[in-house]
Amino acid sequence: MKKRIRFLAILASLCILLTAYTPAVMGSSASAASSELEGISAEVVDADLTCTITLGNWPPDTAPAAELALFEGYRAIMQLQYPNVTVVPAYFSYTLSNYLPMARGGTAPTVFQPPFTDPQLLINQNLVADVTDALEQFGILEKFSPSFVELLGDENGRIYGLPRDGYVLGMHININLFEQAGLMTDDGLPMIPKTLQELAEYGQIIREKTGKAGLVFPASETFGGWLYTNIAWNYGAVGENALQYQDADGRWMANFTSEPAVAAMEYLRSLRWDYDILNADATTTDWASAHSFLGTGEAAMNFAADDSVAEPTAGGGLAVDKFALIPFPAGPGGAYALTGGTCFMFAPDTTHDQAVATLGFLRIIGMLPFASDDIVAGMRAGAAARRERGVPVLPPIPAWNDADFIAVQREIAEEYANVDMRLYQDFFDSLTDGSVALKGEEPVFAQQLYRELTSVIQRLITREDADVLRALSQAQERFQEYLDDELNNR
Amino acid sequence: MKRTGIIRDFDKSTVSVKIGLTVVYLICLVIVLISLFPVFWVSMAGFKDLKEFMSSIAILPAAFDFSRYFKTWTQLNIVQNYLNSLYAILGSVFCALIFNGLLAYGLAILKPRGHKILQNLVMFSLLIPATISLVPLFMNIQNLNLGGFFTPLWLAAGASAFYVILFRQFFQSLPSSLIEAGRIDGCSQLQTFFRIVLPLSKPICVVVAIFAINGAWSDFLLPYLVLGQGRWQTVMVRLFVFSTQQTINYDDLMRAVVFSMIPPIILFFAFQKQLTENIVTVGIKG
Amino acid sequence: MQSPLILLCQRKEVGAVGKLKPRTRQQMISWLIMLPGILLFAFFVWAPLLQSIQMSLYRTRNIELLEFVGFNNYISIFRREEFHQALVNTFSYTFWSLLIGFLIPIFMALVIGETVRGKGFFRTAAYVPNILPGLAAIILWTAFFSAEATGVINILLSKLGIERMAFLSQANLVIPIIVLTATWKGAGATALIYMAGLSGINPELYEAATIDGAGIIKRIRHITLPAIFSLGSTLLILQIISIFQIMYEPLVLTKGGPDNASLSLMLLMWRYAFGGTMDFGRASAVAVIISVILLGFTALYSIVNRRKTEWE
C-alpha cells in the first residue's frame, strides 16, 4: 500500500513538473503577425463603457501559437481603446445542442459564430439578442446587403447579428494525386473536372492509378444531403423542379421525385457502383474528416468551399502549392454553386453595452466594414498569421456592401499571397463572370431536408439493389409529413 | 491441483479433459487480448502524426516520438484538467456514499411508515432516460445560481437510484442483531449508521466509491454545461469539446483519448485487488 | 386559577403524548435522515422528469411551453416512419444485446472460473475496458471499424487474408457491431459478478454429481447454471434497461445511419431536441414512451419473478 502511494505521489509530481514547463513552450513563439498590430490605433474610444464580454470567437487553446498570440495582441489593443471593458476569451465551438442549454441557462458567450443555416431558427426560438441599436451606432446597418437583412433579421426589421464571411461551394483538389494519375496539363496545372461527368471519369483514373479515393464524400448525418442539393441544382432541380416549393395555397411541398432530382441521385449512386470513386467509409465521414482525407492524400477531390482551405493545408499537412480550389462542376441542367457563410450572433441576455463593446472588438480584428488605417493593420496581421501557418491567403467572399472595404480586402490578400493564383483562377473568375450561378440554401427546414436526403444517399451507396425512385419518394413522404407538422398545419 | 470449479482433479485423467483445459486457457488469453488490445493500439496510434495516422496500416508507429504526446499534453493543459477531475471525483464520492447511504439506511433498516412509496419512487428513477431531463435540470441549476462550480455535480452523485439499490441490498443482509445491539447501547439512529452500519459495509462502500469515481471521471455532458469551458473543466469535458471542434486532427484526438485513459488505468491496477475482491463479496450477497 | 384536576389531566395528556412520542419521534428522525437524499432525488431526478412529462403535452418553443396540445405530440410521433424504425431498431438492439451481451459474460465467468493459475490476471484484464471512459472508448471504435484500409479491424482481417469490409455502412451489421462494442466495455464487470455467484456454489455438489455419474456438461447444466439463474435474471433486466437507453454509441459511431439503420429511440429523442428543430415537446414525448416501455418490462419481470418464487 505504501509503495503504491509513493508511486502515485511520484506520478503526481511528475505531472506538475510537466505543467511548469508549459509556459516556456507557448511563449517562445513570438510571431511576425504581432508586429503588424503596432499599426492599430491605441487611442481611447470609450472610457466610460464598463462591462464584461465573453468572446466565443476566440481561437481554441489548441490553435497554433501564432494565432493565439495574434488574439492576445488584439486584446491588448482592446484594453487601450476600451479601458473598462473586460475581455474574457471563451472559445466556443458552436453546435445547436451545445448552444441551447447555455443560452437558456445564461452561460452562452456574448458573441458566437453560427453558420448561415441557423440564424432564422435562433431568432424564432428567442435564443439570440437584438443588436439593431448597436449596429446603428457603428453606422454599419446600411452596409448590410438586403439578403443579409433578411437572413439576420425578423419580420419587424430588427437585426440580430452580422455576417462574418461568406463562402461559395467549390471543390478542393489534392494535386499530388492528380500528378500521380497523370492528370496534368502542359503548364504543370492539374486538369480540373469542369463537369460532373468529368469528375466521375477523372476520379476513376485516380482510383486506378493511385488506389486512393477519387472523391471523398461526407455522407453522414446531414452533410450528404447538403452536397446533394447542389448536384441536384446542376441537374436542373430548380424553378418548377425545385426540391421544395410553395403551392398556390401557400403550403410548402417536398418534391424529390422530379426527373432532375432522380437523375442527380442516380449520378451519386453511379459514383459508388459504376465508377467506384468514393472513399470506403462515406456514410460515417463528416465535414472535418473529409478535409483530413484530402489533406493527407487519401482522396483527390472534396466538395468544399473557400472558407475551409486551412483545414487540408495547415491542418492536414498538404503544402499550399499542392492544393487547388476549383468551381463546383457543372451538370446537364446548369452550373450552380451553393453560397452561405458564417455570422456573428449574440447571447440572448446581451446588453446594449456588451453589444457595443463586442462590435468594438470586431472592428479591431477587421471584421467590420471599415477601411481605416488601424483596421487595415488588424486585417494585415490576420493575413500574416495565415501565411505563417501555411494557409492559402485568398481574397474573401464579400459579406458587406462596401466597395472600398472589399477593395482593401483584395489588396491585402494580394500583398500576402502565398499561392499560385492560377490554382484558384477559375474559382474566383466564376464568381464574377457569371459562369456559375450562386444560390442560397433551400428555404425551409434545410437541415431536416438534408437529413432525409442523406438517408437516401446512405441507402443507395450501401445497397447495390436499392431503388432510387422508391428511396426518394419515401424520403419525400417523410419530409412532407414534417412540413405539414411544422408549417402547413400550424 | 484443481479443487474449484466444474472440472476437477478426478476429471483430469482423460485426454479430452486435458485438451478442454488447454482450450480454456487459450480462450482466457483471447479474452485478455481482446480486452487490452484497443488500449495498446491507441497508445501506439498516439505516436503517429496525422499523415501517418490516416495512411499507415501498421499498428506500430514509424518512430516513438514522445514530443507529439508532449505537444498535445501541453496544448490541452491536461494537468489542470486532471486536477479538476480529481476535485469532481472527491466531492462525488463523498456525496455518493453519504446521501445514498443514508437514504438506503432509511429504506432498508429504519423503515419508517410510508417508506415503500419512497422505495418505489427510487426504483422507478432507474427507468428514466436522464438525457431528456438534462435541459430542465440545467435550467433549475442555473436558477439556483449553482452553475460554474462542481457543487451540482457533487450533489448529483448523491441522487443515484443505482447506488441506493446497491446499498439497500447490502444493508438488508446485515445481521439485525448487531443493529439492535447498537440501539440498546443508546446509539441514536444517526449514530447507528456511522458507528455500526457503515463500518460493517466496507465492501459495498468500496464498490460504490469505485463506481462513483468511474462516473465522475467519465461523465461529460452535465459537467460541460455546468462547468463550461472555463478553468474548472474536467478531462472528459476537455475531450468532448475537443472532439466536437470543427478543425480537429485525429492524431491529437487519439492522444487526448490516451490521456483520458491513463489515470483510471493506473488507479485500477493500483487498487485492482480491493476492487475485484469487494465486488465478489458484494456479488455474493446481492 | 387552574384546578389540580386540570393539571392532572394535562399531565396525563403529556404522558399520553410522551408514550406515543418515541415512535413518532423515531419516525420523524428516520424521515429526517432520509431527507437530504430525498431532496437531491427531487431536484436531480423527479422535478426534471415532471417538467419533461409536462413538456410532452405542450407545443414548445425550445423549452418554453407555448400551448397545451394534449396528446398531439404523441399522435404525430406515432404517425412518423422514423419512430417506427427507431422502435424496431431499439428492440433489435435489445435482441442482440441479449444474444451477445447476456451470454458472453456468463461464458467468460465459466471459463475464467475454471483456470487456476493466472485467474487474478485474467479477471483484472477482462475488467479493464469497464474503467475506461465511455466517450474515449467510442472514439476508439470509430478508428477500429473504419472501412478505410487503415481501419484496425480491416488491418487485422487483411492479415488473415479476408477482404476489407465497410462495417458501419451495412444496415444489417451495424446494430450487432454497436452491441459488440457495448459488450466489450461491460462484459468483464458482469462476468466478475457471475464469478462471485459461481464461487458461492457448494463444491460438494459437484462431487456428489460426479459420483452419480454426471459428466462435465451435465454438471454445468444441472448445477452451475441453475445456481446463477436468479443472479442472471436480475442482471438481465438491468441490461435491458440500459441497452434500451443506448444513444452515445450510435450518436458518435454512425449518427444513426446508414439510412437510420442504427437509429435508437433515445437517439431519435436527441435529434428532436438538438437536431435542428429544438422540438422539446416531441423529444419529451419520446422520453416518456421509453420510460413507459421500460416500466412494462420491469412489471413483467416482477410478475414472472413472483410466479417463480411461488412455484419454488
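Two residues are in contact if their C-beta atoms, placed from the backbone, lie within 7 Å. The exercises below apply this idea to a predicted model.

**Exercise 1. Contacts of one core residue**

Determine which residues C:Val286 touches, leaving aside those up to four places away in sequence, and place C:Val286 in its nonpolar core.

Solution.
1. Apply the cut-off of 7 Å between C-beta atoms.
2. With residues up to four places away in sequence left out, C:Val286 touches C:Ile77, C:Leu265, C:Leu268, C:Met269 and C:Tyr272.
3. The largest nonpolar core has 325 residues, and C:Val286 is among those with the most contacts inside it. The others named in this group are A:Ile173, A:Leu215, A:Ala264, B:Val208, B:Val257 and C:Met269.
4. Helix H4 (residues 78-110) of chain B supplies the largest share of this core, 17 residues.

**Exercise 2. Buried or exposed?**

Decide whether B:Ala209 is buried or exposed, and describe its surroundings.

Solution.
1. Locate the residue: B:Ala209 belongs to helix H11 (residues 202-218) of chain B.
2. Recall the cut-off: a residue is buried if 20 or more other C-beta atoms lie within 10 Å of its own.
3. B:Ala209 has 20 C-beta neighbours inside 10 Å, and therefore counts as buried.
4. Residues up to four places away in sequence aside, B:Ala209 touches B:Val93 and B:Leu97.
5. Between the C-alpha atoms of B:Ala209 and B:Ala96 there are 7.3 Å, although 113 residues separate the two along the chain.

**Exercise 3. A strand and its partners**

Establish which strands pair with strand E10 (residues 336-346) of chain A, and in which sense.

Solution.
1. Strand E3 (residues 111-112) of chain A pairs with E10(A) in the antiparallel sense, over two bridges. Here A:Phe112 stands opposite A:Met345.
2. Strand E4 (residues 161-174) of chain A also runs antiparallel to E10(A), and seven bridges join them. Within this pairing, A:Pro163 has A:Cys343 as its bridge partner.
3. Strand E11 (residues 437-439) of chain A pairs with E10(A) in the parallel sense, through three bridges. A:Tyr336 stands opposite A:Ala437.
4. Finally, consider how E10(A) is covered: 10 of its 11 residues are buried.

**Exercise 4. An enclosed helix**

Explain why helix H5 (residues 134-144) of chain C is described as largely enclosed by the rest of the structure.

Solution.
1. List the buried residues of H5(C): C:Leu135, C:Ala136, C:Ala137, C:Ile138, C:Ile139, C:Leu140, C:Trp141, C:Ala143 and C:Phe144.
2. Nine of the 11 residues of H5(C) are thus buried, so the helix is largely enclosed by the rest of the structure.

**Exercise 5. Domains within a chain**

Describe how chain A and chain B are divided into domains, and what their domain contacts contain.

Solution.
1. In chain A, domain 1 covers 41-165 + 340-421, and domain 2 covers 168-335 + 423-488. Taken over C-alpha atoms, the two centres are 30 Å apart.
2. Domain 1 of chain A gives 14 residues to the contact and domain 2 of chain A gives 18. On the side of domain 1 of chain A there are seven nonpolar, four polar and three charged residues.
3. In chain B, domain 1 covers 9-66 and domain 2 covers 70-285. Their centres, over C-alpha atoms, are separated by 32 Å.
4. This contact takes 10 residues from domain 1 of chain B and nine residues from domain 2 of chain B. On the side of domain 1 of chain B, helix H1 (15-45) and helix H2 (50-55) each supply at least two residues, and H1(B) provides the largest share, four residues.
5. By class, that side of domain 1 of chain B has six nonpolar, two polar and two charged residues.

**Exercise 6. An interface and its confidence**

Characterise the contact between chain C and chain B, and state which part of chain C calls for caution.

Solution.
1. The contact involves 77 residues of chain C and 76 residues of chain B. Helix H1 (residues 4-56) of chain C gives the most to the side of chain C, with 19 residues.
2. That side of chain C comprises 54 nonpolar, 20 polar and three charged residues.
3. For the complex, the predictor gives an ipTM of 0.86 and a pTM of 0.87.
4. Chain C has a mean pLDDT of 84, with 92% of its residues at 70 or more. Over residues 1-19 of chain C, however, the pLDDT is below 50, and this stretch has one contact in the model beyond near neighbours in sequence.
5. Where pLDDT is low, the predicted coordinates should not be read in detail.

Terms used:
Residues numbered from 1 in each chain as written. Chains lettered and ligands numbered in written order. Predicted model: local features only at pLDDT ≥ 70, side-chain atom pairs only at ≥ 80, totals over all residues. Domains from an automatic or database assignment. Nonpolar A, V, L, I, M, F, W, Y, C, P; charged D, E, K, R; others polar. Buried ≥ 20, exposed ≤ 12 C-beta atoms within 10 Å, placed from the backbone. Pairing = 2+ DSSP bridges. Core = buried A, V, L, I, M, F, W, Y, C linked by C-beta atoms within 7 Å. pLDDT = per-residue confidence, 0-100.
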